[in-house]
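Please open the model in your viewer and keep the sequence panel beside it. The tour below moves from one selection to the next and says what to look for at each stop.

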Amino acid sequence: MAERTAQRLTKPEEYAKLLDRFDTYLLDCDGVIWTGPTLVPGVADVLTMLRAKGKNILFVTNNAKKSREMYKKAFDGFGIQASVEEIFGSAYASAIYLSKILKFPADKKVYVIGEEGIEQELKSVGIQFTGGTDPEDRVFIPSGDYSSIKNDPSIGAVLCGFDMYVNYKKYAKAHTYITNNPGCEFILTNADPTYPAGGAFFPGSGSMSAPLRFSTKKTPTIIGKPHTHMMETILAAHDFNPERTIMIGDNLETDILFGINSNITTLLVMTGVTHEAQLSGENKSDTVPDYIVQSMGDFAVLADKK
Ligand SMILES: C[C@H](OP(=O)(O)O)C(=O)O
Ligand SMILES: [Mg+2]
């Protein structure tokens, strides 16, 4: 079988041809639109141009810290137009998976290893939860005192995301529920091993869930990119022709693989986590995008040409 090769676009006419081919743009956020607190140059103009051309824009992020409402505020802060309905985060997709796919029972609760964004999304779909930001679980337990860790049969799922307050008590509770409650679901918002911040990498949601995967020996259901539960959540709310849809992202193992797993065209940008060394040579990734551009901001040359 011929090896897949990516087409690198550098010329305005190539950018224009690409925009003619696609109506729906699934855009990763960190590494594409912004990197941490900094907007990628030119991207705001490109988004305005896409909207002026009548394109559908959907934002698809694995960030599990924020709810859609919190993300909307981030877009507002950057002066970028975005509605809550256009934003799909792994916290929201997890809440939708629990409510729509699992039909999570109203009398059961989710135990959350995560922060406010996950709690907001669970609330938005009417699912009860414990853990999360509860101060009772954000504590150190003195060695040998397991009295506060008892099974609770009302816990029907453990949802693990990004938690800056992760601690032994939370792991011990989650482990107890997963191993003692028959049918207790074990769900990860996303499995990113690392989280990019300030030009470096730190442990991500996937790494935070690792102790539980190890201790329970259970394989979790993973919602975020590259898994297709995220796509099911998007498709439940938006209708689009996959042949005229493109996924734009900075991460080969999440964004680009997500596009490939969803049978849509993919475009890699080099403003985020991917390095040239992953695209050729002995460290070449097995995941190959259809197109590569240096930055999504490069499309701004078309906006100037009006
Ligand atoms: C890196 C990731 O964000 P994304 O690139 O999916 O927007 C995250 O914030 O966990
Ligand atoms: Mg990204």
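Begin by selecting strand β6 (residues 87-89) together with β5, which run parallel and are joined by 3 bridges. Within this pair, Val60 has Phe88 in β6 as its bridge partner. Helices (H or I, at least four residues) and strands (E, at least two) are DSSP runs numbered from the N terminus, and two strands pair if DSSP finds at least two bridges between them.

Before going further, note that this is a predicted model, in which local features need pLDDT of at least 70 and side-chain atom pairs count only at pLDDT 80 or more, while totals for chains, interfaces and linings use all residues. Residues are numbered from 1 along each chain as its sequence is written, and chains are lettered from A and ligands numbered from 1 in the order in which they are written.

**The seven-stranded sheet**

Now widen the selection to the open sheet of 7 strands, whose order is β1-β16-β15-β14-β2-β5-β6 and whose pairing is parallel. At its edges you will find β1 (7-8) and β6, each of which pairs on one side only.

Move next to strand β2 (residues 24-27), which pairs with strand β5 (residues 56-61) in the parallel sense over 4 bridges. Two positions are worth labelling here: Tyr25 has Ile57 in β5 as its bridge partner, and Leu26 stands opposite Leu58 in β5. β2 also pairs with strand β14 (residues 245-249), again in the parallel sense and over 4 bridges, and there Thr24 stands opposite Thr245. From β14, step across to strand β15 (residues 265-269), where the pairing is parallel and has 4 bridges, with Ile246 opposite Thr265.

**The five-stranded sheet**

Select the other strands listed here, β8-β7-β9-β10-β13, which in that order form an open sheet of 5 strands with parallel pairing. β8 (128-131) and β13 (221-222) stand at the edges with a single partner strand each, so one side of each is left without a neighbour in the sheet. Helix α5 (residues 116-124) packs on this sheet and touches β7 (109-113), β8 and β9, and its direction makes about 160 degrees with that of β7. That angle is taken between N-to-C directions and can run from 0 to 180 degrees, the axes being lines fitted to C-alpha atoms, for helices over the stretch in contact.

Inside the sheet, strand β9 (residues 155-160) and strand β10 (residues 185-188) run parallel and are joined by 4 bridges, and Cys160 has Leu188 in β10 as its bridge partner. Show the side chains of β10: Glu185 and Ile187 point one way, Phe186 and Leu188 point the other way, and all are buried. A residue is buried if 20 or more other C-beta atoms lie within 10 Å of its own, exposed if 12 or fewer, and partly exposed in between, with C-beta atoms placed from the backbone.

Then centre the view on Ile113, which is found in strand β7. Is Ile113 buried or exposed? Ile113 counts as buried because it has 28 C-beta neighbours inside 10 Å. Leaving aside neighbours within four places in sequence, the contacts of Ile113 include Gly131, Cys160, Val166 and Met208, where contact means that the C-beta atoms, placed from the backbone, lie within 7 Å.

**Helix α4**

Select helix α4 (residues 90-101), of whose 12 residues 9 are buried, so the helix is largely enclosed by the rest of the structure. Among the buried residues are Tyr92, Ile96 and Leu98. After α4 comes Lys103, whose phi is positive, near 50 degrees.

**Two domains and the ligand**

Colour domain 1 (7-62 + 227-304) and domain 2 (92-222) separately; such bounds come from an automatic or database domain assignment. Their centres, taken over C-alpha atoms, are separated by 30 Å. The contact takes 11 residues from domain 1 and 10 residues from domain 2, and helix α9 (residues 229-237) gives 4 residues, the largest share of the domain 1 side.

Where does ligand 1 lie? Both domains give residues to the shell around ligand 1, so it lies between them. Its surroundings include Asp28, Asn62, Asp192 and Tyr195, a residue being near if its C-beta atom, placed from the backbone, lies within 6 Å.

Definitions and conventions:
Contact = placed C-beta atoms within 7 Å.
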